[in-house]
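Reader: I am a first-year student, and I would like a close look at one part of this model. Could you take me through the cavity and then the parts of the chain around it?

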Amino acid sequence: MKKLLMIGVLALTMGQASAQRCLPKMQGIELNGGFVDGKPLSAAFSGGVALSTYTKNGSKWVFGGEYLQCNYAYDGGMTIPVAQFTAEGGYYKKLLTDASKTLFIYGGASALAGYESVNWGERLLPDGATLQDRDAFIYGGALTLNIEVYLSDRLALLGNVRERCLWGNDTGHFHTQYGVGLKLIIN
């Protein structure tokens, strides 16, 4: 009878597998990049790397670093770069997933801290003008809507929309980012 029951269970579950995704303590490396403030990539872009660790409810903690650069137009076709280097620590709550655990939607909040450089610290412009904006340490936060689409159990395609709000600088407090990326599950 036991053998018959075992054969029946195997026959019923043959070809089925449950996804091993977003399990507690599972970690992934995220690489992302994208547009800033709706400008073309030649005028504003961002990129970053992060480590995400999942919690027991499928949400995740994210720790990483990011580079954001906006080029502002100046007389004679010259541009003035403003670059931000930031570190991030945040929590992303799972909002929605499908039954196959292929698609996940997260809402997240992060604390940010870093450094902003205006024209790479060069205050005197070629035409003799002097920049009033200075390099500064910056701090603040970000709100993020993040989508993960798993291509396999170890690889996911990412998409996000993010609003950053940073203080301590002279060049503007808010930046909206739209990005894509890849996540590689490492354990």
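Author: What follows goes from the chain as a whole to the cavity, and then to some single residues.

A word on the source comes before the details. This is a predicted model, in which local features need pLDDT of at least 70 and side-chain atom pairs count only at pLDDT 80 or more, while totals for chains, interfaces and linings use all residues. Residues are numbered from 1 along each chain as its sequence is written, and side-chain values use heavy atoms, with hydrogens and water left out.

Let us start with the overall plan. The chain has 1 helix and 8 strands, where helices (H or I, at least four residues) and strands (E, at least two) are DSSP runs numbered from the N terminus. Read from the N terminus, their order is α-β-β-β-β-β-β-β-β. Of the 187 residues, 38% are buried; buried means under 20% relative accessible area, exposed over 50%, and partly exposed in between, with a 1.4 Å probe and protein chains only. Contact means heavy atoms within 4.5 Å. Taking the contacts between residues at least 6 apart in sequence, 58% join residues at least 24 apart.

Now to the cavity. The structure holds 1 cavity of 30 Å³ or more, and the volume of the largest cavity is about 210 Å³. On a 1 Å grid over the protein atoms alone, a cavity is a set of points where a 1.4 Å probe fits but cannot get out, and lining residues have an atom within 4 Å of a point. Grid points are joined across faces, edges and corners, and a volume is the space filled by probe spheres set on the points.

Who lines this space? The largest cavity has 23 lining residues, and N32, E66, E88, N160 and R162 lie nearest its centre. At least two lining residues come from each of β1 (27-36), β2 (44-54), β3 (60-74), β4 (78-97), β6 (136-150), β7 and β8 (174-185). The largest share, 5 residues, belongs to β3. Sorted by class, the lining has 6 nonpolar, 12 polar and 5 charged residues. In this sorting, Ala, Val, Leu, Ile, Met, Phe, Trp, Tyr, Cys and Pro count as nonpolar, Asp, Glu, Lys and Arg as charged, and the others, Gly among them, as polar.

One of those central residues, N160, is a good one to follow. N160 sits in strand β7 and counts as buried because its relative accessibility is 15%. Beyond the residues up to four places away in sequence, N160 touches T144, L145, N146, Q177, Y178 and G179.

Two other residues of the strand fill in the picture. G159 is also found in β7, and with residues up to four places away set aside, G159 touches L145, N146, I147, G179 and V180. G159 and I105 are 54 residues apart in sequence, yet their C-alpha atoms are 9.6 Å apart. L155 belongs to β7 as well, a strand that covers residues 155-167. L155 is partly exposed, because its relative accessibility is 31%. Apart from neighbours within four places in sequence, L155 is in contact with V149, Y150, L182 and K183. The C-alpha atoms of L155 and G28 are separated by 9.0 Å, with their positions 127 residues apart along the chain.

Next, some loops. S59 is in the loop between β2 and β3 and is buried, because its relative accessible area is 1%. The side chain of S59 reaches the backbone nitrogen of K94 at 3.0 Å. K94 is also among the contacts of S59 outside its neighbours within four places in sequence, together with T53, Y54, Y91, Y92, K93 and Y106.

Two more loop residues have an unusual backbone angle to look for. K25, in the loop between α1 (2-13) and β1, has a positive phi of about 70° although it is not a glycine. D37, in the loop between β1 and β2, has a positive phi of about 55° and is not a glycine either. Most residues other than glycine have a negative phi. K25 is exposed, because its relative accessibility is 69%, whereas D37 is partly exposed, at 30% relative accessible area.

Finally, the cysteines. C70 is buried with a relative accessible area of 1%, and C165 is buried with 14%. A disulfide is a pair of cysteine sulfur atoms within 2.5 Å, and by this rule the count comes to 0.

Notes: 1 Å grid on protein atoms, 1.4 Å probe; cavity = no way out; pocket = protein on both sides within 12 Å on 5 of 7 lines; lining within 4 Å. Polar contact = N/O pair within 3.5 Å; in protein donor to acceptor, adjacent residues only side chain to side chain.
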